[in-house]
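Good morning, everyone, and thank you for making time for this. Please have the sequence and the structure open in front of you, and we will go through a few places together.

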Amino acid sequence: MEFLVGFAILLILVVFSSVFYLRVASQSPSLPTPLPIIGHLYLLGKLPHHSLLAIARKYGPLVKLRLGSVPVVIASSPEMAREFLRNQDLTFASRPTLLTTKYILYDSKDMVFAPYGEHWRSMRKLCVVELLTDRRLASSHQARLEELQRLLAKIAKVAETSKPFVLLDLLTEFTFNVITRMVMNKAYFGSGETTEELAATRDFIHMQEQGTILLGEFHIGDYIPFLKWFDSSVAKMKALHKIQDEFLQKVVDQHVLARQSREQTQAHDGGGDFVDTLLSLDSPDPNNQARNIKALIQNLLGAGTDTSITTIQWAMAELLNNPRALEKAQEELRAKFGNARQEIIQEHELKDLPYLHAVIKETFRLHPPAPLLIPHQSTQDTTVAGLAIAKGTRLFVNVYAIGRDPALWKSPDDFLPERFLGSSIDVHGKNFELLPFGSGRRGCPGMALGLITVQLALANLLHRFQWSLAPGVDAHPMAECFGVVTTMEIPLRARASPNKD
Ligand code: HEM
């Protein structure tokens with residue numbers, strides 16, 4: 001109802017003012033006319049990265065739009081990405097405040113969407129120094145192996161039935177456990193949890209998936225502020241936040257209780273997880289401290305799982321749709337590890353697998369998990385490539401468009417891992433033609449963990465099993481569902497059978 005009222009008001013205003021505006025507006029010859037009130041919002045379709053790719057192809061790699069009342073720039077070439085993320089990194093290191101950041105991310109008290117400043121700096125430092133270090137990554141290796149073993153055992157069980165299954169559900173349990181074991185030293189799946197606990201975890205994950213969509217969407221209230229009261233998404237955000245907050249509060253409460261009992265018994269077990277580290281920091285206000293901790297855990301679980309899951313799923317779907325590439329990837333693994341080996345391929349064995357690494361790069365090129373990165377925002381007036389950009393302008397870097405640019409890639413829409421064999425292009429943020437993790441100050445701090453998770457899972461899935469699509473399916477449909485992490489619209493169903501000697 002609220003939405004309908006909002007929509008009706010908007011329609012009336014747009015129709016009346018367009019008639020007037022189109023007569024008096026001095027149009028830019030090159031860009032479509034921004035309509036009154038909605039500006040260029042009408043140019044965005046259901047998949048904004050596709051709409052913005054079409055705009056870039058027509059109007060160039062640097063385009064200034066007005067979405068509602070918000071100035072926006074879109075960068076769609078490696079040169080422009082370098083200008084914004086390297087040469088003017090500091091100017092564009094902030095994030096916009098959005099309805100989602102207010103209602104889902106604790107008023108931007110998280111890290112991923114925090115504006116540039118002291119809060120973001122201290123959160124990022126904590127993550128980089130206390131959680132995502134090489135040392136922590138090495139010490140969490142055993143947990144990843146155990147989770148992988150569990151994933152492979154589950155697939156082996158389904159494989160016995162020869163029935164196709166949805167890989168996504170098993171990948172979700174795997175990556176969720178990998179991250180929660182690192183962050184809060186707890187596995188939520190397969191560790192004797194009760195039915196209620198399992199239901200609460202599944203609710204949390206479901207809300208996380210919904211949140212990923214909401215965080216990516218262009219909400220009318222963010223661009224036409226007076227309509228925010230009629231934006232029907234706000235109710236969804238609040239409901240989602242309630243469920244997530246309950247789950248996260250429980251994590252904090254359990255850690256506080258465990259700390260108290262350790263203090264009472266004077267037990268110093270030395271260890272402690274990342275949440276313990278966060279709780280041990282001095283804070284003048286315990287409520288703010290709990291809120292910040294919840295926001296950060298929420299970020300890590302979201303950013304750390306959806307991105308890896310979606311990458312593994314896209315890679316498997318591309319391989320199943322391209323049997324020649326699948327065969328080559330498996331041949332490389334067989335050549336190195338043999339057919340009969342039953343032990344897991346370990347992290348230190350993942351080097352010297354050029355085809356597997358090429359498959360992963362090609363997957364990132366075609367399906368960057370965050371196709372528009374995460375929106376950046378400028379903190380001062382500036383000029384980029386001759387274009388004046390005002391303070392407060394929102395920046396989207398369309399890495400999806402860069403990955404599909406025929407001037408950069410031959411047959412850009414085809415899955416051809418070979419293009420990366422012998423190429424020096426990597427994904428670490430220095431080669432601006434391939435930026436799945438972004439680059440610069442706001443670039444992904446979890447890249448090493450994300451990469452190792454994807455490589456480990458793919459290597460073992462491909463080495464341990466033979467794969468095929470469900471009977472009667474020639475190719476899995478590659479339609480996307482847009483969100484801050486863009487996922488596969490129809491989850492992949494596949495059949496696995498054990499690799500024979
Ligand atoms: C395949 C795996 C992953 C991919 C493709 C990925 C990609 C990205 C991208 C594109 C950004 C935004 C960069 C920008 O806006 O310029 C980002 C930011 C971020 N990622 Fe990742 N990520 C992955 C895994 C992870 C993991 C495992 C974690 C941590 C557990 C993580 C934590 C974060 C955080 C906290 C940020 C926000 C950084 C900031 O705003 O300062 N990511 N990631």
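Let me begin with the iron atom of the ligand, which has a single donor from the protein, namely the SG atom of C444, at 2.3 Å. Before going further, I should say that this is a predicted model, so please keep that in mind as we look at each distance. If you want to find C444 along the chain, look in the loop that lies between α16, residues 399–403, and α17.

Now let us widen the view from the iron to the surroundings of the ligand. How many residues surround the ligand? There are 26 of them, and the closest are W120, R124, H376, R442 and C444. Sorted by class, this shell has 15 nonpolar residues, together with eight polar and three charged ones. Three helices, α5 (118–131), α13 (286–321) and α17 (447–464), each supply at least two residues of the shell, and the largest share, six residues, comes from α13.

Next, consider the oxygen atoms of the ligand, where several contacts with the protein can be listed. H376, which is among the closest residues, has a side-chain N or O atom 2.8 Å from an oxygen atom of the ligand. A polar side-chain atom of R95 lies 2.9 Å from a ligand oxygen atom, whereas in the case of I374 a polar atom of the backbone is 3.4 Å from an oxygen atom of the ligand.

Let us turn from the ligand to helix α8, which runs from residue 167 to residue 184. Why should we expect this helix to span 26 Å? The helix has 18 residues and the rise is 1.5 Å a residue, so the expected span is 26 Å, and the end C-alpha atoms, 25 Å apart, agree with that. This helix is also mostly covered, since 15 of its 18 residues are buried. After α8 comes N185, which has a positive phi, near 50°.

Finally, we come to the strands, where β11, residues 493–498, has two partners to look at. Strand β3, residues 165–166, pairs with β11 in the antiparallel sense over two bridges, and within this pairing V166 stands opposite R493. Strand β8, residues 465–469, also pairs with β11 in the antiparallel sense, here over five bridges, and L469 has A494 of β11 as its bridge partner.

Conventions:
Residues are numbered from 1 along each chain as its sequence is written. This is a predicted model: local features need pLDDT of at least 70, side-chain atom pairs count only at pLDDT 80 or more; totals for chains, interfaces and linings use all residues. Side-chain values use heavy atoms; hydrogens and water are left out. Helices (H or I, at least four residues) and strands (E, at least two) are DSSP runs, numbered from the N terminus. The expected span of a helix is 1.5 Å times one less than its number of residues. Buried means under 20% relative accessible area, exposed over 50%, partly exposed in between (1.4 Å probe, protein chains only). A residue is near a molecule or strand if one of its heavy atoms lies within 4 Å of it. A polar contact is a pair of N or O atoms within 3.5 Å; within protein, one must be able to donate a hydrogen and the other to accept it, and residues adjacent in sequence count only if both atoms are side-chain atoms. Ala, Val, Leu, Ile, Met, Phe, Trp, Tyr, Cys and Pro count as nonpolar, Asp, Glu, Lys and Arg as charged, and the others, Gly among them, as polar. Two strands pair if DSSP finds at least two bridges between them. Donors are N, O and S atoms within 2.8 Å of the metal (3.2 Å for Na, K and Ca); water is not among the atoms, so sites may look incomplete.
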